[in-house]
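Colleague: Before I set anything up on this model, I would like to learn how to read its features one by one. Could you take me through them, giving the idea behind each and then the case at hand?

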Amino acid sequence: MKNRSLDIALNLYEIAGPIFVSLKEEVNPASHKARSHPDVKELSFTQLRILLAIEYGKDQVGKLARSGQVAQPAISKIVNRLISLDFVRRDPHPTDRRQIKLTLTPKGTAMTGRVRLKAAQKYVGAITNLSRSNRQKLLDGIAVIFDVIEKTRKADT
């Protein structure tokens, strides 16, 4: 069972790679002729990754640094830039006055939504051509993946 679980976990990363690349292509198109979403031009891919991590629950500079295996001062600099662009704000931590919680602003939330939607459009045609049965299997599989991710996320906190 362990090997099977490991194989399944590895397959999750096989899925994540192309999706991650789709997001990156929306921010930094490979071709000069390709155009990123107009609202994304002000962001680097690293900044977008930080926005997505904050959205995912990495809501403190230390958590972001540990998650990305990056020095805390480097993450602080990126976060400060995102704050100056009005994508992120600092809020008092609800239970610990010594800590600061990072939160996406409405502009930051809108940005991650637009990038995600634009990247997802890459898959619409292929999904549209699936049979109803296969679309349902895909939805069921995605629900299971979200459940696994949520359990892992809870274990990380």
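**Reading the pocket, a helix and a loop**

Modeller: Let us begin with the pocket, bearing in mind that this is a predicted model. The largest share of the lining of the largest pocket comes from H6, which gives 13 residues.

Colleague: Which elements give two or more residues to that lining, and what is the volume of the largest pocket?

Modeller: The volume is about 2200 Å³, and the elements that give two or more residues to the lining are helix H1 (2–27), helix H2 (45–56), helix H3 (61–68), helix H4 (72–84), helix H5 (106–128) and helix H6 (132–156). The lining has 45 residues, and those nearest the centre of the pocket are Ala16, Ile19, Phe20, Phe146 and Ile149.

Colleague: How do the lining residues divide into nonpolar, polar and charged?

Modeller: A lining can be read by the classes of its residues, and in the largest pocket these are 30 nonpolar, seven polar and eight charged.

Colleague: In what order do the elements of the whole chain run from the N terminus?

Modeller: The order is α-α-α-α-β-β-α-α, made up of six helices and two strands. Of the 157 residues in the chain, 24% are buried. Contacts can also be sorted by separation in sequence: among those between residues at least 6 apart, 49% join residues at least 24 apart.

Colleague: Taking a single helix, how does one read the reach of H4, and which of its residues are buried?

Modeller: The reach is set against the value expected from the number of residues: H4 has 13 residues and spans 18 Å from its first C-alpha to its last, close to the 18 Å expected at 1.5 Å a residue. As for burial, which here means under 20% relative accessible area, the buried residues of H4 are Ile75, Ile78, Val79 and Leu82. Seen down the helix axis, these buried residues fall within an arc of 100 degrees, so they line one face of H4.

Colleague: What covers the buried residues of H4, and which exposed residues does the face turned away from them carry?

Modeller: The cover includes H2, H3, strand S1 (88–92) and strand S2 (100–104), whereas the face turned away from the buried side carries the exposed residues Pro73, Lys77 and Ser84. After H4 comes aspartate 86, whose phi is positive, near 65 degrees.

Colleague: Turning to the loop between H2 and H3, is glutamine 60 buried or exposed, and which residues does glutamine 60 touch?

Modeller: A position in a loop does not settle that point, and one has to look at the accessibility. Glutamine 60, in the loop between H2 and H3, has a relative accessibility of 12% and therefore counts as buried. Leaving aside residues up to four places away in sequence, glutamine 60 touches His93, Gln99, Ile100 and Leu102. Aspartate 59 lies in the loop between H2 and H3 as well, and at 14% relative accessibility aspartate 59 counts as buried. With residues up to four places away again left out, aspartate 59 touches Ile100, Lys101 and Leu102.

Colleague: Lastly, what separates the C-alpha atoms of threonine 103 and isoleucine 54, and which residues does threonine 103 touch?

Modeller: Separation along the chain and separation in space are read side by side. Threonine 103 is in strand S2, and although threonine 103 and isoleucine 54 are 49 residues apart along the chain, their C-alpha atoms are separated by 6.7 Å. Not counting residues up to four places away in sequence, threonine 103 touches Ile54, Phe87, Val88, Arg89 and Asp91.

How values were computed: Residues are numbered from 1 along each chain as its sequence is written. This is a predicted model: local features need pLDDT of at least 70, side-chain atom pairs count only at pLDDT 80 or more; totals for chains, interfaces and linings use all residues. Side-chain values use heavy atoms; hydrogens and water are left out. On a 1 Å grid over the protein atoms alone, a cavity is a set of points where a 1.4 Å probe fits but cannot get out, and a pocket is an open set with protein on both sides within 12 Å along at least five of seven lines; lining residues have an atom within 4 Å of a point. Grid points are joined across faces, edges and corners, and a volume is the space filled by probe spheres set on the points. Helices (H or I, at least four residues) and strands (E, at least two) are DSSP runs, numbered from the N terminus. Ala, Val, Leu, Ile, Met, Phe, Trp, Tyr, Cys and Pro count as nonpolar, Asp, Glu, Lys and Arg as charged, and the others, Gly among them, as polar. The expected span of a helix is 1.5 Å times one less than its number of residues. Buried means under 20% relative accessible area, exposed over 50%, partly exposed in between (1.4 Å probe, protein chains only). The arc is that of the directions from the helix axis to the C-beta atoms. Contact means heavy atoms within 4.5 Å.
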